[in-house]
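Good morning, and thank you for making time for this presentation. I would ask you to keep the sequence and the model in view while I speak.

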Amino acid sequence: MNAFKEIPKFKEGTCVTIGKFDGVHLGHVSLLEELVLAAELNQMESVVFTFDPYPEEFFKGEEILKINTKGEIISQMDEIGVDNLIRVKFDEKFSQYDPTKFIKDVLVGKLCAKMILCGPDVSFGKDGSGNLELLMSLQDKYGYEVVEVEKEIYQGNAISSSRISKAIEEGKMEDANEMLGYDYYLYGPVVTGQGLGHTYDIPTVNINPTKGRIIPAKGVYFTIVEVDDKEYQAVTNVGVRPTVSDENTINIESHILNCEDGADFYGKRIRVYFLHHSRGEMRFETSDILFKQIKKDVDDALRFFESV
């Protein structure tokens, strides 16, 4: 896949889609697969046009936590088969772009769009005033065809990044995962914890929160830990560990349920897939009471994994 930071000039007709693409979920996958298929059938290249930073980040003046990092989004688009990804700089000048001029000069003039695929809520140009109706009204004039791709629906409502983000932030992992089409995960190198798990014969691995990604609600989760292409069932705590630490720093600590004797995870990169939120974070009077609760969490997790 070709990736551009500036708008290139295409000589042949293309299939184009426009959007934020601030995470790749089932709704985005459906649109991108339609784009790639349409391009193949019409012997054209596929083009995704998006922004960096995202408009919300530009207007707020700060980075917004997302479902996926930019690198992950690029990799996922490449796997789907997108030919070209354009991430144009979104600034004050671009935010004032007249939507009709954007269609004429950018979509048609530079991208040579012959087919434009988009969702019903597509928006572009000044104040987001460019929309599906405008695209359709100008297709005969500028010689392109608009294809509206319907939204993917989950539990009666359209799948969206904001809806998934909210579910993750509330610990509703089953809902988030259904809309994503995969189990939400955090990843990173294993870091040194306080070693309390080994004291109680509970192998643990700790990672710091993935930069730029949404962190699930504080509490205990049933998870899958992936390392070196192996998967382990685990109980994962997301939080500040109030019983054993006074530091107000979020920690991702996973207790491995089916760990081999002598396994060493330090220095390795792992992924933690979040399947189910079991309970909220709690403060216990002593470490002994804490680890009695952990043993209960482990028993609950084993029953959970037996049922799935």
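The residues lining the largest pocket divide into 18 nonpolar, 16 polar and 11 charged. I should say at once that this is a predicted model. The lining in question comprises 45 residues, and those nearest the centre of the pocket are Gly19, Lys20, Phe21, Asp22 and Glu56. The volume of this pocket is about 1000 Å³.

Which elements supply at least two residues each to that lining? They are strand β2, at 14-18, and the helices α1, at 26-41, α2, at 55-60, α4, at 92-95, and α8, at 161-169. The largest share comes from α8, with five residues.

Let me turn to the second largest pocket, which holds about 280 Å³ of space. Two elements, β4 at 84-89 and α4, give two or more residues to its lining. Helix α4 was also named for the largest pocket, where it supplies at least two lining residues. By class, the lining of the second largest pocket has four nonpolar residues, seven charged residues and no polar ones. Among the residues that line this second pocket are Lys5, Glu6, Val88, Lys89, Phe94 and Tyr97.

I now move from the pockets to helix α3, which spans residues 70-80. Its buried residues are Glu72, Ile73, Gln76 and Met77. Viewed down the axis of α3, these buried residues fall within an arc of 135 degrees, and they therefore line one face of the helix. Against what do the buried residues of α3 pack? Their partners are α1, β3 at 45-52, β4 and β9 at 185-189. Strand β4 thus appears here as a packing partner of α3, having already been named as a contributor to the second largest pocket. Just after α3, glycine 81 takes a positive phi of about 110 degrees.

My last topic is strand β10, residues 204-207. In a regular strand, side chains alternate between the two faces of the sheet. Is each face of β10 covered or open? Both faces are covered: Thr204 and Asn206 are buried on one side, and Val205 and Ile207 are buried on the other. Strand β10 runs antiparallel to β13, residues 251-256, and four bridges join the two strands. Within this pairing, threonine 204 stands opposite histidine 255 of β13. Threonine 204 is thus both one of the buried residues of β10 and the residue facing histidine 255.

Thank you for your attention; I would be glad to take questions.

Definitions and conventions: Residues numbered from 1 in each chain as written. Predicted model: local features only at pLDDT ≥ 70, side-chain atom pairs only at ≥ 80, totals over all residues. Heavy atoms only, no water. 1 Å grid on protein atoms, 1.4 Å probe; cavity = no way out; pocket = protein on both sides within 12 Å on 5 of 7 lines; lining within 4 Å. Points joined across faces, edges and corners; volume = space filled by probe spheres on them. Nonpolar A, V, L, I, M, F, W, Y, C, P; charged D, E, K, R; others polar. Buried < 20%, exposed > 50% of the residue type's maximum accessible area, 1.4 Å probe, protein only. Arc of directions from axis to C-beta. Contact = heavy atoms within 4.5 Å. Pairing = 2+ DSSP bridges.
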